[in-house]
Amino acid sequence: MKDHILALLSDPQTYVSGEAMSRVLGISRVAVWKHIQAMIADGIPISAGPTGYRLDDDPDDLRPFRFREKASLIHHFPLTGSTMDEAAQLARDGCPAFTVAVAEHQSGGRGRLSRVWESAAGGLYFTIVIRPEAPTSYGGLFNLAAAVEMAQLVRERHGVDALVKWPNDILVQGKKLCGILSRVEAEAEQIRHLCIGIGLNVNNPVTTVNGSAVSLKQLGGKAVARRPILIEFINRFSACVDGFDPATVHRRWKSINHTLGRRVRVATVGDEYQGVAEDLDEYGGLILRGDDQRLMTVTHGDCFHES
């Protein structure tokens, strides 16, 4: 019943009378009133006016009912260890493609090489599940595509000069705005599902010791609503995945990248590679030219710009 009532109240500018709701829902006005009161007690912001009821708008609210037709895809957690873990379990349980686990806080968020990812209140922390019909070798390309879509979104909607850093960071003025991490499960070299976790600094305080991070609020001087960002990212990324074209991903990534042409150091768990970043290979790996002029390809790792 709650979902039916929320659907009737989907326009925050319009009051809906108890009589009209009673007629559509097939229950008494008293029953409507009781359901409304129970929803208010659960924290759903419904206002009563002289002409009926209205769902108050809050563009920063990330609870599923706010996403209208996408509500069934959104799994919201006030606190969780990691949206990646939540999404991975949803994927194993058979959730549809483009299901999203989103959290207000993460107690165990992780970045590359298992570094702790700060998850202070006000950021946008989510993991999206995709089920592309693609080989596992394309996993890195989907990572790059996610970074491109988010970078283009904040460039166009928030007017910031966001650039992508291999393999999956988004920088503004050399400072980290967004981090991306993925986890794949495969069968016979084909992707079964891919979970892509994204942490975007929106209104959260950034407390890095060396000042190497920045938020949209800092850049724009005002708070930014998170839900429109998440909705638009889902729309953009789903269109990208459904019509996936590796050549297009390469071209778009290169057009806003901050890595190629620089001397870099890439650290993995057991190795370290140094050289000038020259290009991407067909699967999104970074091609380096070492000091001995030999070319090498690095497929994963933490990339540090040295020039």
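Phe233 and Phe237 are both buried in this structure, which is a predicted model. Let's start with these two rings and then follow the aromatic side chains outwards, before turning to some features of the backbone. Across the whole structure, a search turns up five aromatic pairs.

**Rings around helix α7**

- Phe126 and Phe233 make one of these pairs, with an edge-to-face arrangement: their centres are 5.5 Å apart and their planes meet at 65 degrees.
- This pair brings together distant parts of the chain, since Phe126 belongs to strand β5 (residues 124-130) and Phe233 to helix α7 (residues 227-242), with the two positions 107 residues apart.
- Are these two rings buried or exposed? Phe126 has a relative accessible area of 0%, so it is buried, and Phe233 also counts as buried because its relative accessibility is 0%.
- Phe233 has a second partner, Phe237, and this pair is stacked: the distance is 5.3 Å centre to centre, with 20 degrees between the planes.
- How far apart are Phe233 and Phe237 along helix α7? They are four residues apart in the helix, so about one helical turn separates them.

**Other ring contacts**

- If you look for a cluster of rings, find Tyr138, Phe142, Phe244 and Tyr283, which are linked by ring pairs.
- A ring can also have a charged neighbour: Arg265 lies over the face of Phe304, 4.4 Å from the ring centre.

**A cis peptide bond**

- Which residues does the cis peptide bond join? They are Trp166 and Pro167, and the omega angle there is about 0 degrees.
- To find Pro167, look in the loop that runs between β6 (162-165) and β7 (169-172).

**Positive phi angles**

- Arg68 is not a glycine, yet it has a positive phi of about 50 degrees.
- You will find Arg68 in the loop between strands β2 (52-55) and β3 (74-80).
- Phe98 is not a glycine either, and its phi is also positive, at about 75 degrees.
- Where does Phe98 sit? Its place is in the loop between helix α4 (83-92) and strand β4 (100-106).
- Although Phe98 is in a loop, it counts as buried because its relative accessibility is 12%, and the cut-off for buried is under 20%.

Conventions:
Residues are numbered from 1 along each chain as its sequence is written. This is a predicted model: local features need pLDDT of at least 70, side-chain atom pairs count only at pLDDT 80 or more; totals for chains, interfaces and linings use all residues. Side-chain values use heavy atoms; hydrogens and water are left out. Rings of Phe, Tyr and Trp (its six-membered ring) pair if their centres lie within 6.5 Å; planes under 30 degrees apart count as stacked, over 60 as edge-to-face and the rest as tilted. Buried means under 20% relative accessible area, exposed over 50%, partly exposed in between (1.4 Å probe, protein chains only). A charge sits over a ring if NZ of Lys or CZ of Arg is within 6 Å of the ring centre and within 35 degrees of the ring normal.
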